[in-house]
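Let's take a walk through this model together. Have the sequence at hand and the 3D view open as you read.

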Amino acid sequence: QINLLSLNASIEAARAGEHGKGFAVVATEINNLANETAEAVGRIQQTVEGVQGSFDELLNASNGLMEFIKDTVAPDYEHFVGVAKQYGSDAQEFGEQSEQINEMVENIRSAMREVSSAIQAIAESTQETADRSSQVNDTVSDVSDVVDNVSNMAGAQNTIAKSLSDVVGQFKL
C-alpha cells in the first residue's frame, strides 16, 4: 500500500510540474522507507528462523542426554549395585583370602572410575546445553531489539504518512 501511495504521489508530482518537485521528493522518501521496512522484516524473519533452529538443536541434545541416562547410566548403575552386593557377600564368605579381596577392590575402583567418567561426560553435556540456552536467550533479546526498532520505524512512518496526507489534501485537481 505504501508503494502504491508512493507511486500515486509521484504521478501527481509529475502532473503538478514545477510545483510538484517537493512532493516528488517526499514520494521518493516514502518509497525508500517502504523498501527499508521490507528488508528489516526479512532480517527479522531470518533471525526468528535461526532461533527456531537453535531450539530444535537444544531439544535434540536434551533428548539425547535423556536417552543416554536411560539407556546407559541407569543400567550401569543397576549393574554396579548388583556387583557391589556380590562383592559384599564374597567378602564375608572368603574373608580369609586377602588376595581375592584385593582383586575385588581393584575391580570396584575401576567401576568407580567409569562412573566418574560418565558423570564428567554428563556434566560437560549439561554445560554445553547451558551455553546453547544462553546463546538462544541472547538471540531472542536481539530479535526483541529489532522488533522495537521496527515498531519505532512504523510510528515514524505513520507520522510521515499523516503529514503526507495533509500535504496531499492541500492539492486540488
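In this predicted model, the buried residues of helix α3 are M104, A111, T129, V136, V143, Q157 and L164. You may like to pick these out on screen before looking at the helix as a whole. Helix α3 covers residues 98-170, a run of 73 residues. From its first C-alpha to its last it reaches 108 Å, close to the 108 Å expected at 1.5 Å a residue.

Now stop at S144, which also sits in helix α3. Is S144 buried, partly exposed or exposed? Its relative accessibility is 36%, and because buried means under 20% and exposed means over 50%, S144 counts as partly exposed. S144 also has a partner to look for far off in the sequence: I44 is 100 residues apart from S144 along the chain, yet their C-alpha atoms are separated by 9.4 Å.

Next, turn to the largest pocket, which has a volume of about 300 Å³. Of the 18 residues that line this pocket, those closest to its centre are D76, Y77, F80, A111 and V115. You have already met one of them, A111, among the buried residues of α3.

Which helices build this lining? Both α2 (21-93) and α3 supply at least two residues each. The largest share comes from α2, with ten residues. As for chemistry, the lining of the largest pocket has 15 nonpolar residues, together with one polar and two charged ones.

Definitions and conventions. Residues are numbered from 1 along each chain as its sequence is written. This is a predicted model: local features need pLDDT of at least 70, side-chain atom pairs count only at pLDDT 80 or more; totals for chains, interfaces and linings use all residues. Side-chain values use heavy atoms; hydrogens and water are left out. Helices (H or I, at least four residues) and strands (E, at least two) are DSSP runs, numbered from the N terminus. The expected span of a helix is 1.5 Å times one less than its number of residues. Buried means under 20% relative accessible area, exposed over 50%, partly exposed in between (1.4 Å probe, protein chains only). On a 1 Å grid over the protein atoms alone, a cavity is a set of points where a 1.4 Å probe fits but cannot get out, and a pocket is an open set with protein on both sides within 12 Å along at least five of seven lines; lining residues have an atom within 4 Å of a point. Grid points are joined across faces, edges and corners, and a volume is the space filled by probe spheres set on the points. Ala, Val, Leu, Ile, Met, Phe, Trp, Tyr, Cys and Pro count as nonpolar, Asp, Glu, Lys and Arg as charged, and the others, Gly among them, as polar.
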